[in-house]
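Subject: Structure handover, aromatic contacts

Hello,

Here is the structure for you to look at. Please open it alongside the notes below.

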Amino acid sequence: MTPPDTIVALSSGAGKAGIAVIRASGPGAAVCIRHLAGADVPARRAVLRTLRNSPAGPAVDSGLVLWLPGPGSVTGEDVAEFQVHGSPAVVGRLLSVLCALDGVRPAEPGEFTRRAFENGRMDLSGAEGLADLIDAETEAQRIQAQRQMEGAFAERCAGWGAQLRRSLAWLEAAIDFPDEALPDDLAAQVRPAVEAVAAGLAGWLAAPDRGRMVREGYRVAIVGAPNVGKSSLLNRIAQRDVAIVAETAGTTRDVIEVRADLAGYAVVFADTAGLRYDETAGDIEREGMARARFQAESADLVLHVVDAAAPAAGPPADVGAGPDRVLTVANKTDLAPAPPDVPLGVSARTGAGIDGLLAAIEARTTAAMGAGEHPALTRLRHRQCLEDAAAALERALAATEAELTAEDLRLALRAMDRLIGRTDVEDLLDLIFRDFCIGK
Ligand code: GDP
């Protein structure tokens with residue numbers, strides 16, 4: 001339920017200069033407008049006003065005022081919006097003036113979006129999309145978040161949900177009215193529709209985990225024997241000093257990460273300790289190697305670095321990934337040419353070949369993350385809901401009694417409703433909206 005009070009927050013733009021947007025939502029929004037800007041603010045038109053704490057008092061600021069009566073507003077409630085100068089002093093003063101009004105208080109983190117969700121202005125996965133949009137760093141993240149915010153999940157679940165509801169209605173009719181002249185092979189008639197939805201769900205779940213890749217970044221683990229120049233290469237890529245480059249083997253004990261933007265995709269490069277099988281290695285070294293192997297196993301791409309000048313140091317026996325996930329590059333081509341079986345050569349020292357290497361990684365990234373047929377599942381929660389639905393449908397198809405089939409169809413529908421926040425989500429709301437910044 002929407003609390004009856006009015007919340008107010010800085011929506012965007014706190015800074016030294018520029019514009020800040022302050023928003024109030026709730027029944028007291030009209031009072032906020034009247035108090036600061038006077039009684040004659042028209043609905044749905046931006047007007048320039050001098051903002052004062054009392055009619056004859058000094059100006060606090062001047063700016064654009066927007067009056068958006070509910071339900072046609074972002075939260076579905078009455079909303080007042082003030083676009084003012086962005087200095088902390090102006091913003092702070094206006095917030096304190098507004099919050100001194102009766103029934104008006106500062107918003108909790110994510111409270112605007114939560115109200116929009118509770119008032120049916122947005123589905124839950126859409127709200128998650130908005131959170132991602134606020135955090136988006138790359139173009140691909142922005143597009144994915146936008147798609148989700150516009151209800152890509154809801155659209156798909158609505159179609160499948162309708163098919164399942166129809167099947168369920170047929171089954172329930174057969175259960176409730178066994179004496180009516182219903183088609184005998186009812187279960188057989190329902191089956192194709194259920195099978196179609198189950199196949200759709202299975203396809204969605206089996207699709208590459210693009211959502212995670214776009215949201216968290218495509219993971220590239222840089223592996224190779226000690227001293228081949230992994231840290232130097234990472235520094236080159238990052239164009240700043242992030243990894244410690246040292247002459248002695250085994251100094252990169254921990255994992256160092258660099259985020260890059262390649263063709264609009266977030267790519268996370270992780271420099272791992274040298275993969276090496278040395279029985280004399282110390283404990284810390286051993287731990288470093290264990291982490292390196294873990295990184296390589298969980299990476300989307302393993303960048304395997306070899307030393308062009310010392311091919312004898314050679315590739316480690318096992319980089320923890322199959323050949324389709326490995327890209328081998330020879331470093332130190334300023335000292336010697338790349339070996340014939342390694343098509344990519346670079347010099348971390350001179351920068352030669354780095355563009356070609358990044359282009360090769362970019363091609364892999366784009367191929368892995370390019371637009372797919374299914375909306376990307378960006379959170380573990382989404383995957384779990386779909387897995388629950390798929391499992392219920394599998395049981396429904398295996399069941400031999402109409403009652404059991406019906407019950408599993410109901411469970412599948414509930415799991416899909418949970419995805420878009422229609423049911424069973426009270427306990428999830430705090431978790432999801434807590435991630436928002438104040439005022440959104
Ligand atoms: P890591 O153990 O694989 O991370 O290797 P480092 O990045 O620490 O480099 C080991 C040594 O090789 C350092 O002395 C680097 O300066 C040197 N090195 C790294 N890349 C190059 C390169 O492209 N050319 C030359 N000549 N030396 C390099």
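What follows is a short account of the aromatic contacts.

Please keep in mind that this is a predicted model.

There are two aromatic pairs in the structure. One of them joins Phe153 and Trp204. Their ring centres are 5.5 Å apart, and the planes meet at 75°, an edge-to-face arrangement. This pair links distant parts of the chain. Phe153 belongs to helix H6, which covers residues 152-176. Trp204 belongs to helix H7, which covers residues 186-206. The two residues are 51 apart in the chain.

Are these two side chains buried or exposed? Phe153 has a relative accessible area of 1%, so it is buried. Trp204 comes out at 2%, so Trp204 is buried too. The cut-off for buried is under 20%.

Trp204 also pairs with Trp160. Here the centres lie 5.9 Å apart and the planes are at 65°. Planes over 60 degrees apart count as edge-to-face, so this pair is edge-to-face. Again, distant parts of the chain are linked: Trp160 is in helix H6 and Trp204 in helix H7, with their positions 44 residues apart. Trp160 is buried, as is Trp204.

Taken together, the ring pairs link Phe153, Trp160 and Trp204 into a cluster.

One charged group is worth a look as well. Which residue places its charged end over the ring of Trp204? That is Arg156, at 5.0 Å from the ring centre.

Best regards

Conventions. Residues numbered from 1 in each chain as written. Predicted model: local features only at pLDDT ≥ 70, side-chain atom pairs only at ≥ 80, totals over all residues. Heavy atoms only, no water. Phe/Tyr/Trp six-rings, centres within 6.5 Å; stacked < 30°, edge-to-face > 60°. Helix = DSSP H or I, 4+ residues; strand = E, 2+ residues; numbered from the N terminus. Buried < 20%, exposed > 50% of the residue type's maximum accessible area, 1.4 Å probe, protein only. Lys NZ or Arg CZ within 6 Å of the ring centre and 35° of its normal.
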